[in-house]
Amino acid sequence: MLWRQRFGIVMMFLFLPINGPMLRMTFEVLGHPLPWPDWQVFIGCLTLFVLGGIFTFTPKLRSLSAKSN
């Protein structure tokens with residue numbers, strides 16, 4: 001398993017859209033409330049979740065020079 005696939009899996013677990021309120025509460029407990037409304041936090045979590053899916057499920061890319069050998 002590649003490091004980017006592991007990173008993608010971690011991103012997918014951390015940024016599940018259902019975890020948005022938990023992240024918001026965590027930042028409030030730490031004393032740094034998020035200045036964005038709930039829907040922007042949801043869109044941000046959804047975007048990072050999809051990015052984690054891309055990291056996890058895209059195949060390993062090989063250069064053209066590696067194919068010619």
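Me: What makes the meeting of the side chains of R24 and D38 a salt bridge?
Reply: In this predicted model, local features need pLDDT of at least 70, side-chain atom pairs count only at pLDDT 80 or more, and totals for chains, interfaces and linings use all residues. Side-chain values use heavy atoms, with hydrogens and water left out, and residues are numbered from 1 along each chain as its sequence is written. A salt bridge requires a side-chain nitrogen of Lys or Arg within 4 Å of a carboxyl oxygen of Asp or Glu; R24 and D38 meet at 3.1 Å, N to O, so the pair satisfies that definition. The structure holds one salt bridge, and the pair links R24 in helix α2 (residues 20–29) with D38 in helix α3, 14 residues apart.

Me: Why is R24 called buried?
Reply: Buried means under 20% relative accessible area, exposed over 50%, and partly exposed in between, with a 1.4 Å probe and protein chains only; R24 has 17% and is therefore buried, whereas D38, with 54%, is exposed.

Me: Why are α1 and α3 described as roughly antiparallel?
Reply: Angles under 35 degrees count as roughly parallel, over 145 as roughly antiparallel, 65 to 115 as roughly perpendicular and the rest as oblique. Helix α1 (residues 3–14) and helix α3 (residues 38–57) pack at about 150°, with their axes 7 Å apart, and are therefore roughly antiparallel to each other.

Methods
Axes are lines fitted to C-alpha atoms, for helices over the stretch in contact, and angles run from 0 to 180 degrees between N-to-C directions. Helices (H or I, at least four residues) and strands (E, at least two) are DSSP runs, numbered from the N terminus.
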